[in-house]
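Biologist: I am new to this kind of picture and would like to learn how to read it. Could you walk me through it step by step?

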Amino acid sequence: MTDEKPFLDIRNAKKSYGKLEVLKDISLRVNRGQIVAIIGPSGSGKSTLLRAINDLDPLTAGEVWLEDVQINKKLPHRQYEKHINQVRQNIGMVFQHFNLFPHLSVRENVTLAPKMLKGLSDDEAEELAREQLEKVGMIDRIDYYPSRLSGGQKQRVAIARALAMKPKVMLFDEATSALDPELVEEVNLVMKKLAEEHMTMVIVTHEMGFAESVCDRVLFMDQGVVVEEGPPEKIFRNPDNERTQNFLRKHL
Ligand code: ADP
Ligand code: MG
């Protein structure tokens, strides 16, 4: 651990749905360029935590900061809308179920937000889209519609679409867990490439091998708490906590 000021800083996050406490005082600091994996059983609160980062699931208590901006600050409605739209431009998100717009081509999927939200011209957006599609190996599918793509290809386009906004952070929520096994690797390779480019990333995953190979730090969550965290070689090879040991016994 360095003293470096965290880039993304979640402080004492709590979240309840009625009486159900889903996040119980979770703190997570991610430095610029760091890659953090979150692992844990289903229902432990991983998605809720990730969605709290861009205030899709607002926290009951606690703060989320990206650089010098508090993401989840309380503002009057109008101001909040403006604030959160700005914030979300900085945070790329990729979910389990590729949420490409089915009625738009790959090109249109990737250029839409830069044109609408950043006011890029058609030519500028096209150049940006080509650059990102090149990166994820999908440039030859630029004129395709999502229905003609495999799951792995859709997920790669979803990543290109997120990258086209030039986000400061990328969040992945089980990006490969809905894919046929033979398609997982092509998506993992894209994420590895981002890791090599020092993209700041928070990755929720069930793939322990992948987490171990790309992440700087691993958090094991269970029942709304961070049970244990540390470097991957520690968490995966020699975890201290019994709950972590039991989980990994089933998943490694
Ligand atoms: P994970 O991603 O680790 O599987 P989630 O964050 O999706 O876990 O869910 C954590 C817990 O919160 C679960 O018990 C889930 O049922 C509950 N939960 C999630 N979203 C809602 C919601 N909108 N309303 C009520 N309960 C929810
Ligand atoms: Mg989840």
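Modeller: Gladly! Let us begin with one idea that we will need often: a residue counts as buried under 20% relative accessible area, as exposed over 50%, and as partly exposed in between. Please also keep in mind that this is a predicted model.

Biologist: Let me try that scale on a pair of charged residues. How exposed are K234 and D240?

Modeller: K234 has a relative accessible area of 27%, so it falls in the partly exposed class. D240 reaches 59% and therefore counts as exposed. The two residues form a salt bridge, with their closest N and O atoms 3.0 Å apart. Elsewhere, salt bridges with shared partners bring D9, R11, R29 and E63 together in one network.

Biologist: How many salt bridges does the structure hold?

Modeller: There are 19 of them. A useful habit is to ask which parts of the chain a bridge brings together. Take E126 and R107, whose closest N and O atoms are 2.7 Å apart in a salt bridge. E126 sits in helix 4 (residues 122-135) and R107 in helix 3 (residues 106-118), so this pair ties together parts 19 residues apart in sequence. R107 is partly exposed, at 23% relative accessible area.

Biologist: And where in the chain do D222 and R243 lie?

Modeller: First, their side chains meet in a salt bridge, at 3.2 Å from N to O. D222 belongs to strand 9 (residues 217-222) and R243 to helix 9 (residues 242-251), so the pair links distant parts of the chain, 21 residues apart. Their surroundings can be read from the scale too: D222 is buried, with a relative accessible area of 12%, while R243 counts as partly exposed at 36%.

Biologist: Now for a charged residue without such a partner. Which side chain of opposite charge is nearest to D173, and how far away is it?

Modeller: That is R51, at 6.8 Å. A salt bridge needs the nitrogen and the carboxyl oxygen within 4 Å, and D173, although buried, has none. D173 is part of strand 7 (residues 169-173). Its side chain does make a polar contact with the side chain of S47, at 2.6 Å. Beyond its neighbours within four places in sequence, D173 is in contact with S47, L50, V94, F95, Q96 and V204.

Biologist: Let us turn to the nonpolar residues. How many residues are in the largest nonpolar core?

Modeller: That core has 47 residues, and L133, I159, M170, F172 and M201 are those with the most contacts inside it. Helix 6 (residues 181-196) supplies the largest share, 7 residues. Apart from this core lies another, of 30 residues, which include V36, L50, I53 and V64.

Biologist: What does M201 touch?

Modeller: Leaving out residues up to four places away in sequence, M201 touches Q34, I35, V36, M170, F172, M191, L194 and A195.

Biologist: Can we read a whole helix in this way? Which residues of helix 1 are buried?

Modeller: They are K46, T48, L49, L50, A52 and I53. Helix 1 (residues 46-53) is mostly covered, with 6 of its 8 residues buried. T48, for instance, has a relative accessible area of 10% and is therefore buried. Not counting residues up to four places away in sequence, T48 touches K15, Y17, V22, L23 and D57. Just after helix 1, D55 takes a positive phi of about 65 degrees.

Biologist: What about a loop? Is A164 buried or exposed?

Modeller: A164 is buried, because its relative accessible area is 1%. Its place is in the loop between helix 5 (151-163) and strand 7. A164 and A129 are 35 residues apart in sequence, yet their C-alpha atoms are 6.3 Å apart in space. With residues up to four places away in sequence set aside, A164 touches V110, P114, L128 and Q132.

Biologist: Finally, where does UniProt place a domain?

Modeller: The unreviewed UniProt entry places "domain: ABC transporter" at residues 8-248. Over that stretch the chain is 40% helix and 25% strand, and the end C-alpha atoms are 27 Å apart.

Technical notes: Residues numbered from 1 in each chain as written. Chains lettered and ligands numbered in written order. Predicted model: local features only at pLDDT ≥ 70, side-chain atom pairs only at ≥ 80, totals over all residues. Heavy atoms only, no water. UniProt positions renumbered as here; feature names shortened; annotations may be inferred. Helix = DSSP H or I, 4+ residues; strand = E, 2+ residues; numbered from the N terminus. Core = buried A, V, L, I, M, F, W, Y, C linked by side-chain atoms within 4.5 Å. Buried < 20%, exposed > 50% of the residue type's maximum accessible area, 1.4 Å probe, protein only. Contact = heavy atoms within 4.5 Å. Lys, Arg positive; Asp, Glu negative; His and termini not counted. Polar contact = N/O pair within 3.5 Å; in protein donor to acceptor, adjacent residues only side chain to side chain.
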